[in-house]
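Here is a friendly walk through one protein model, from its overall build to a few side-chain details. Have the structure open and follow along.

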Amino acid sequence: QVHLAESGGGLVQPGGSLRLSCVASGTTLSFDVMGWYRQAPGKQRELVATVDSGANTNYENSVKGRFTISRDNAKNTVHLQMNSLKPEDTTVYYCYASRRRPGVRFDYWGQGTQVTVSS
C-alpha cells in the first residue's frame with residue numbers, strides 16, 4: 001500500500017524559507033506526477049506545484065518565482081523549496097502522487113503538514 005510521508009513544515013517569519021519533503025513508501029514503481037497542494041479551512045484544496053516524470057513543472061501563479069519543486073525518481077521523493085514566504089501561504093500542505101493508466105488514474109495523498117508564516 002502506497003504511503004506518502006511529509007516533513008519540513010513549521011513556523012517561519014515573513015520573508016523566510018522552508019523546505020517540504022515527501023517520501024513515498026510501499027512501492028517500487030515511480031509516479032507519473034508528484035506535487036504539492038494546500039488547503040485552508042473552509043476552502044477547496046488548490047494546486048501549489050507539480051512535476052511529472054519528465055521534470056516538467058507547473059506552479060500556481062501566486063508562488064511562481066518563490067517556490068521550486070523538485071523530485072528524485074529513484075527515491076520516489078518530491079521536495080518543495082519555499083522562499084519569500086508570506087502570511088497568506090499559511091495553511092496545510094499535502095503531498096500528492098499519481099499514476100496514470102489507460103482509462104484510470106490512481107491518486108495518493110499524504111496526511112498534510114502545517115506551514116505557518118507569522119511574525
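## Overall fold

Read along the sequence, this protein runs β-β-β-β-β-β-β-β-β-β-β. Put as a count, that is 11 strands and zero helices. Please keep in mind that the model is predicted.

What radius of gyration does the protein have, and what would a compact globule with 119 residues have? The protein has 14 Å, and this agrees with the compact globule, which would have a value near 14 Å. Along the principal axes, the C-alpha trace spans about 45 × 25 × 25 Å.

## Surface and contacts

Of the 119 residues in the protein, buried ones make up 41%. The accessible surface comes to about 6300 Å², and carbon and sulfur atoms account for 47% of that surface.

Contacts across the sequence are worth a look too. Taking those between residues at least 6 apart in sequence, 54% join residues at least 24 apart.

## The disulfide

The structure holds one disulfide. C22 and C95 form this link, with their sulfur atoms 2.0 Å apart. C22 lies in strand β3 (residues 18-25) and C95 in strand β9, so the pair ties together parts that are 73 residues apart in sequence.

Is the link of C22 and C95 left-handed or right-handed? The link is left-handed, with -85 degrees about the S-S bond. Both cysteines, C22 and C95, are buried.

## An aromatic cluster

A search of the whole structure finds four aromatic pairs. One of them is formed by Y37 and Y96, which meet edge-to-face at 5.3 Å centre to centre, with 65 degrees between the planes. Y37 belongs to strand β4 (residues 33-39) and Y96 to strand β9 (residues 91-101), so this pair ties together parts that are 59 residues apart in sequence. Both Y37 and Y96 are buried.

Y96 also pairs with W109, this time in a tilted arrangement: the centres are 4.9 Å apart and the planes make 50 degrees. Because Y96 lies in strand β9 and W109 in strand β10 (residues 104-109), this second pair ties together parts that are 13 residues apart in sequence. Together, Y37, Y96 and W109 form one aromatic cluster.

Why does Y96 count as buried? Its relative accessibility is 5%, and the cut-off for buried is under 20%. W109, by comparison, has 35% relative accessibility and so counts as partly exposed.

## Arginines over rings

Now for the arginines. R45 lies over the face of W109, 4.6 Å from the ring centre, and W109 is itself a member of the cluster with Y37 and Y96.

Which ring does the charged end of R99 sit over? That ring belongs to F31, and the charged end of R99 is 4.3 Å from its centre.

## A buried loop asparagine

To finish, turn to N76, placed in the loop between β7 (67-72) and β8 (77-82). N76 has 5% relative accessibility, so this loop residue counts as buried.

Which residues does N76 touch, not counting those up to four places away in sequence? The list is C22, V23, A24, T27, L29, S30, F31 and M34. Two of these partners have already appeared above: C22 takes part in the disulfide with C95, and F31 carries the ring under the charged end of R99.

Note on methods: Residues numbered from 1 in each chain as written. Predicted model: local features only at pLDDT ≥ 70, side-chain atom pairs only at ≥ 80, totals over all residues. Heavy atoms only, no water. Phe/Tyr/Trp six-rings, centres within 6.5 Å; stacked < 30°, edge-to-face > 60°. Helix = DSSP H or I, 4+ residues; strand = E, 2+ residues; numbered from the N terminus. Buried < 20%, exposed > 50% of the residue type's maximum accessible area, 1.4 Å probe, protein only. Lys NZ or Arg CZ within 6 Å of the ring centre and 35° of its normal. Rg over C-alpha atoms; globule rule 2.2 N^0.38 Å. Contact = heavy atoms within 4.5 Å. Areas by Shrake-Rupley, 256 points an atom, 1.4 Å probe, with all protein chains shown as cover. Disulfide = S-S within 2.5 Å.
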